[in-house]
Amino acid sequence: MTTEVRRADGRYEIVVDGVVAGFTQFEEGVGGVLAFPHTVVEDEFEGQGLASRLVREALDDVRARGRLIHPFCPYVKRWIQKHPDYHDLVDDPKRFGL
């Protein structure tokens, strides 16, 4: 199985064997902060850890680009809560319970 995460227009996609298995959307806001409102993994790909990999690689890319985020998506917010080494990416951490 070949899996990759790629940045597309307004989202990061996780691709499995050439098929888009899921994505997390982002929107650029004031000051270049990226809002993450929604994450989806298609039903046939659930339970394989793809959402976690998708979010980790998306946030690694955000960090490499020197940006901050607003984790409005419940999955992204929970993921960051479980991974304290990513708290620094959240603009206004108190707003998001971090």
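At 29% relative accessibility, Glu 57 counts as partly exposed, and in this predicted model the side chain of Glu 57 meets that of Arg 53 in a salt bridge, with a distance of 2.7 Å from N to O. Both residues belong to helix α1, where Glu 57 and Arg 53 stand four residues apart, which corresponds to about one turn of the helix. Arg 53, for its part, has a relative accessibility of 32% and is likewise classed as partly exposed. In general, side chains of opposite charge can pair when their charged atoms come close.

The pair in helix α1 belongs to a total of seven salt bridges held by the structure. Another of these joins the side chains of Asp 61 and Arg 7, at 3.9 Å from N to O. Because Asp 61 lies in helix α1 whereas Arg 7 lies in strand β1, which covers residues 3–8, this pair ties together parts that are 54 residues apart in sequence. Asp 61 is partly exposed, with a relative accessibility of 21%; since residues count as buried only under 20%, Asp 61 does not fall in the buried class. Arg 7 is also partly exposed, its relative accessible area being 39%. Asp 61 takes part in a further salt bridge, in which its side chain meets that of Arg 65 at 2.7 Å from N to O, and Arg 65 is partly exposed at 43% relative accessibility. Elsewhere, Arg 6, Arg 11 and Glu 13 are joined into one network by salt bridges that share partners.

Charged residues also gather on the surface, where Glu 42, Asp 43, Glu 44 and Glu 46 form a patch of negative charge. One of them, Glu 42, is found in the loop that runs between β6 (39–41) and α1 (50–64), and Glu 42 is partly exposed, with a relative accessible area of 33%. A residue must have over 30% relative accessible area to be placed in such a patch, a condition that Glu 42 meets with its 33%.

Helix α2, which comprises residues 74–82, contains the buried residues Val 76, Trp 79 and Ile 80. When the helix is viewed down its axis, the buried residues of α2 fall within an arc of 95°, and they therefore line one face of the helix. The face of α2 that is turned away from this buried side carries Pro 74 and Lys 82, which are exposed.

The loop between β2 (11–16) and β3 (19–25) includes Gly 18, which at 66% relative accessibility counts as exposed. Gly 18 and Arg 78 are 60 residues apart in sequence, and in space 28 Å separates their C-alpha atoms. The loop between β2 and β3 is also the place of Asp 17, a residue that has a positive phi of about 50° although it is not a glycine. Most residues other than glycine have a negative phi. A positive phi is likewise found at Asp 92, where the value is near 65° in a residue other than glycine. Asp 92 is placed in the segment after α2 and, with a relative accessibility of 40%, counts as partly exposed.

Technical notes
Residues numbered from 1 in each chain as written. Predicted model: local features only at pLDDT ≥ 70, side-chain atom pairs only at ≥ 80, totals over all residues. Heavy atoms only, no water. Patch = residues over 30% accessible without salt bridge, like charges linked within 9 Å, V, L, I, M, F, W, Y side chains within 5 Å. Areas by Shrake-Rupley, 256 points an atom, 1.4 Å probe, with all protein chains shown as cover. Salt bridge = Lys/Arg side-chain N within 4 Å of Asp/Glu carboxyl O. Lys, Arg positive; Asp, Glu negative; His and termini not counted. Charge placed at Lys NZ, Arg CZ, Asp CG, Glu CD. Helix = DSSP H or I, 4+ residues; strand = E, 2+ residues; numbered from the N terminus. Buried < 20%, exposed > 50% of the residue type's maximum accessible area, 1.4 Å probe, protein only. Arc of directions from axis to C-beta.
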